[in-house]
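Please open the model in a viewer and keep the selection panel at hand. The tour below proceeds from one selection to the next.

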Amino acid sequence: MRDCDVVKMSKCFWCNGEKDELILLGNKATRKEQNEWCDNKSMSVIVSYEPCEKCKEEFDKGIQLIEAQDDPVTPKQPEISEGVYPTGRFWVIKREAFTDDIPEEQTFMFIKEETAKEMGLYEAESV
Ligand SMILES: [Zn+2]
């Protein structure tokens with residue numbers, strides 16, 4: 001193991017902000033992975049889709065509409081669900097805004113980019 005594999009800060013996938021969480025590359029990593037890890041100049045890496053505190057607060061306000069596509073956005077992107085790759089863009093819609101009853105346990109929905117555009121979500125964002 002090289003010296004650099006100590007700790008790095010993890011980054012939030014959703015806002016690209018620093019998460020208050022240190023991560024450690026475990027011993028199970030292959031040499032190739034270790035090298036990639038060491039050579040990554042950035043001190044932060046995205047390790048999971050777990051939102052940071054700030055995004056989590058947003059997420060908790062309603063149902064998340066997560067923009068996603070069928071193919072990885074960047075090489076080696078892990079899927080969030082089977083064959084679903086989030087783009088990082090999301091909107092949170094209040095539960096009351098839906099006319100259909102949404103089960104309590106449902107907290108998110110995937111949405112395709114075209115649909116998000118059709119729904120005017122992109123414009124809403126820039127307001
Ligand atoms: Zn975040």
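Which residue in S6 stands opposite Gln 64? Select Gln 64 and look across to S6: the residue opposite is Phe 108. Please bear in mind throughout that this is a predicted model.

**The whole chain**

Colour the protein chain by secondary structure; four helices and six strands should appear. Read from the N terminus, the elements follow the order β-β-α-β-α-β-β-β-α-α. The protein chain comprises 127 residues, of which 12% count as buried. If one takes the contacts between residues at least 6 apart in sequence, 67% of them join residues at least 24 apart.

**The sheet S5-S4-S6**

Next, select strands S4, S5 and S6, which form an open sheet in the order S5-S4-S6, with mixed pairing. Strand S5 (85-93) and strand S6 (108-111) stand at the edges; each has a single partner strand, so one side of each is left without a neighbour in the sheet. On average, neighbouring strands of this sheet are turned by 30 degrees against each other, direction ignored.

Now restrict the view to strand S4 (residues 63-69) and S6, which run parallel and are joined by four bridges. Besides the pair Gln 64 and Phe 108, one may display Ile 66, whose bridge partner in S6 is Phe 110. Then turn to the pairing of S4 with S5: these strands run antiparallel, and six bridges join them. Here Gln 69 has Tyr 85 in S5 as its bridge partner.

**From Ile 66 to the nonpolar core**

Keep Ile 66 selected and display its surroundings. Leaving out residues up to four places away in sequence, Ile 66 touches Pro 86, Phe 90, Phe 108, Phe 110 and Ile 111. Ile 66, Phe 90 and Ile 111 also belong to the largest nonpolar core, which has nine residues. To complete the selection, add Cys 12, Phe 13, Trp 14, Cys 52, Ala 68 and Ala 116. Colouring by domain is informative at this point: domain 1 (3-45) and domain 2 (61-126) each contribute at least three residues to this core. In soluble globular proteins, nonpolar side chains tend to be buried together.

**Lys 19 in strand S2**

Move to Lys 19, which lies in strand S2. Is Lys 19 buried or exposed? Lys 19 is buried, because 22 other C-beta atoms lie within 10 Å and 20 or more suffice for that class. Apart from neighbours within four places in sequence, the contacts of Lys 19 are Ser 10, Lys 11, Cys 12 and Cys 52. Draw a distance from Lys 19 to Glu 53 as well: the two are 34 residues apart along the chain, and their C-alpha atoms are separated by 7.6 Å.

**Two loop residues**

Select Asn 16 in the loop between strand S1 (7-11) and strand S2 (18-24). Its phi is near 70 degrees, a positive value in a residue other than glycine. Most residues other than glycine have a negative phi. Asn 16 is exposed, with 11 other C-beta atoms within 10 Å.

The final stop is Glu 96, in the loop between S5 and S6. Glu 96 is exposed, with 7 other C-beta atoms within 10 Å. A distance drawn from Glu 96 to Ile 63 reads 9.8 Å, C-alpha to C-alpha, for residues 33 apart in sequence.

Terms used. Residues are numbered from 1 along each chain as its sequence is written. This is a predicted model: local features need pLDDT of at least 70, side-chain atom pairs count only at pLDDT 80 or more; totals for chains, interfaces and linings use all residues. Two residues are in contact if their C-beta atoms, placed from the backbone, lie within 7 Å. Two strands pair if DSSP finds at least two bridges between them. Axes are lines fitted to C-alpha atoms, for helices over the stretch in contact, and angles run from 0 to 180 degrees between N-to-C directions. A nonpolar core is a set of buried Ala, Val, Leu, Ile, Met, Phe, Trp, Tyr and Cys residues joined through C-beta atoms within 7 Å. Domain bounds come from an automatic or database domain assignment.
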